[in-house]
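Here are some exercises to work through with the model open beside you. Try each task before you read its solution.

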Amino acid sequence: MASEITYAELRITNESNSSGPFSRCPAAPREKRICHLSKPVSPSLPFTCLLVLLLLLAITFLVAFIIYFQKYFQLLEVKKDIKDITHKELNCIKYVSVMEDKVWSCCPKDWKPFGSHCYFTSTDLVASWNESEENCSHMGAHLVVIHSQKEQNFITGILSTASGYFIGLLDAGNRQWRWIDQTPYNESATFWHRGEPNNDFEKCVIINHRLNAGWGWNDIPCSDKHKSVCQMKKIYL
Ligand code: MMA
Ligand code: CA
C-alpha cells in the first residue's frame, strides 16, 4: 500500500517538474516523500471575485467621498455669500457665463443694475459727503465711482435734474483727485462742468444738472448737504 502511494507521487512530480502542486515538497528520498497536496499559489476564483468586488466598493466610496466634500465646500461658499448680504430682498436675473455655469446676478431691491454694479439713489437723505459715504457703507456699498461716458449717462439717467448728488471723488490734497474705491483717477474719463474744479477749498464733488450745459461734476465743500448715489458690485449666487 505504501509503495503504491510513493509511485503515484513520483509520477506526478515527473510530469510537473519542480513547479506545481508539489513544489513545496522538500527534496527527500522518494520513499520518505509523504507530502500532502498543497493549495495552488494563485488565488482561487471566488477569492479573486471578492477582491475585485472590494476594490470596486473602495473606489465607489472614494468617489462618493470626493463628490460629497466638493458639494459640502460649494455649500459653504454659498452660505458665506448669503451671510455677507445685508439686504433682505434681492432682484436676480439668470446669467449664463462663458463657462456655461448658470448663476444668478443680483441687486438689492430698489437698486438699479448696470454692467457689473448696482446703483442706489437716496430719495430722502440730504447729508454731508462723510455722512453720505457712511450711509452707503452701511449698505455694503460706497459713493459712486464713474469711469466711462456710458456709466455717466446711466447714472444721470436715474437722477433728478433738480438736485445735486455726492459722488465718490475727493481732493486728497493739492488738487490730487482720488476715487473712494482706490481705482485710478483717469483725466480722460472725467465729466467736470466747464470751469470746474475751481476752488481749492472745495474738496468734494457732486454731479448735477446745469441749464444749457447738461450734466457734469462740480467741486464743492464737503460739509455741504446733498443727495448721493451709492454703488456696489452685483451679488452672484
Ligand atoms: C457755486 C459753487 C461752486 C461752483 C460755482 C460755479 C458760487 O459757487 O457751486 O462750487 O464752482 O457755483 O459758479
Ligand atoms: Ca466748484
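Helices (H or I, at least four residues) and strands (E, at least two) are DSSP runs, numbered from the N terminus. With that convention, Asn218 is placed in strand β9. Please keep in mind that this is a predicted model.

**Exercise 1. Get your bearings**

Task: Find how many helices and strands the protein has, and what share of its residues is buried.

Solution:
- Step 1. Go through the secondary structure: there are four helices and eleven strands.
- Step 2. Turn to burial. Of the 237 residues in the protein, 32% are buried.
- Step 3. Look at the surface, where the protein exposes about 16600 Å², with carbon and sulfur atoms supplying 60% of it.
- Step 4. Take the contacts with a separation of 6 or more: residues 24 or more positions apart account for 62% of them.

**Exercise 2. Describe the surroundings of ligand 1**

Task: List the residues around ligand 1 and work out which side chains make polar contacts with its oxygen atoms.

Solution:
- Step 1. Collect the shell: Glu196, Asn198, Glu202, Arg210, Asn218, Asp219 and Ile220 surround ligand 1.
- Step 2. Sort the shell by class, which gives four charged residues, two polar ones and one nonpolar one.
- Step 3. Ask where the shell comes from. Strand β9 (residues 214-220) gives the largest share, three residues.
- Step 4. Check polar atom pairs against the cut-off of 3.5 Å. The side chain of Asn198 has an N or O atom 2.8 Å from an oxygen atom of ligand 1. For Glu202, a polar side-chain atom is 2.8 Å from a ligand 1 oxygen, and for Asn218 the corresponding distance is 2.9 Å.
- Step 5. Add the coverage: on its own, ligand 1 has 330 Å² of accessible area, and the protein covers 44% of that.

**Exercise 3. Walk along strand β9**

Task: Decide whether Gly214, Asn218 and Asp219 are buried or exposed, and find what each one touches.

Solution:
- Step 1. Gly214, in strand β9, counts as buried because its relative accessibility is 19%, and the cut-off for buried is under 20%. Leaving out residues up to four places away in sequence, Gly214 touches His193, Asn208 and His209. Thr156 is 58 residues from Gly214 in sequence, yet their C-alpha atoms are 9.8 Å apart.
- Step 2. Asn218 is at 11% relative accessibility, so Asn218 is buried too. Beyond its neighbours within four places in sequence, Asn218 has contacts that include Trp192, Glu196, Cys204 and Arg210.
- Step 3. Asp219, also in strand β9, has a relative accessible area of 0% and is therefore buried.
- Step 4. Follow the side chain of Asp219. This side chain reaches the backbone nitrogen of Asn198 at 3.0 Å and the backbone nitrogen of Asn199 at 3.1 Å. Among the residues that Asp219 touches are Arg175, Trp177, Pro197 and Glu202.

**Exercise 4. Map the nonpolar cores**

Task: Name the members of the largest nonpolar core that touch the most other members, and find which elements supply this core.

Solution:
- Step 1. Start from the general expectation: in soluble globular proteins, nonpolar side chains tend to be buried together.
- Step 2. The largest nonpolar core has 18 residues, of which Ile146, Ile155, Ile167, Leu169 and Trp217 touch the most other members.
- Step 3. Assign elements: α4 (149-157), β6 (165-171), β7 (177-179) and β8 (204-210) supply at least two residues each. The largest share, three residues, is from β6.
- Step 4. Look for a separate core. There is another one, of 17 residues, which includes Cys106, Trp111, Trp129 and Ile206.
- Step 5. Zoom in on Ile155, which is in contact with Tyr119, Val144, Ile146 and Val229 once its neighbours within four places in sequence are set aside.

**Exercise 5. Cover helix α4 and place a loop residue**

Task: Find which residues of α4 are buried and what covers them, then place Ala189.

Solution:
- Step 1. In α4, the buried residues are Glu151, Gln152, Phe154, Ile155 and Thr156.
- Step 2. Their cover includes β3 (112-114), β4 (117-121), β8, β9 and β10 (227-233).
- Step 3. Ala189 belongs to the loop between β7 and β8 and counts as buried because its relative accessibility is 13%.
- Step 4. Beyond residues up to four places away in sequence, Ala189 touches Ile146, His147 and Trp217. The C-alpha atoms of Ala189 and Ile146 are 8.2 Å apart, although 43 residues separate them in sequence.

Methods:
Residues numbered from 1 in each chain as written. Chains lettered and ligands numbered in written order. Predicted model: local features only at pLDDT ≥ 70, side-chain atom pairs only at ≥ 80, totals over all residues. Heavy atoms only, no water. Near = heavy atom within 4 Å. Polar contact = N/O pair within 3.5 Å; in protein donor to acceptor, adjacent residues only side chain to side chain. Areas by Shrake-Rupley, 256 points an atom, 1.4 Å probe, with all protein chains shown as cover. Nonpolar A, V, L, I, M, F, W, Y, C, P; charged D, E, K, R; others polar. Core = buried A, V, L, I, M, F, W, Y, C linked by side-chain atoms within 4.5 Å. Buried < 20%, exposed > 50% of the residue type's maximum accessible area, 1.4 Å probe, protein only. Contact = heavy atoms within 4.5 Å.
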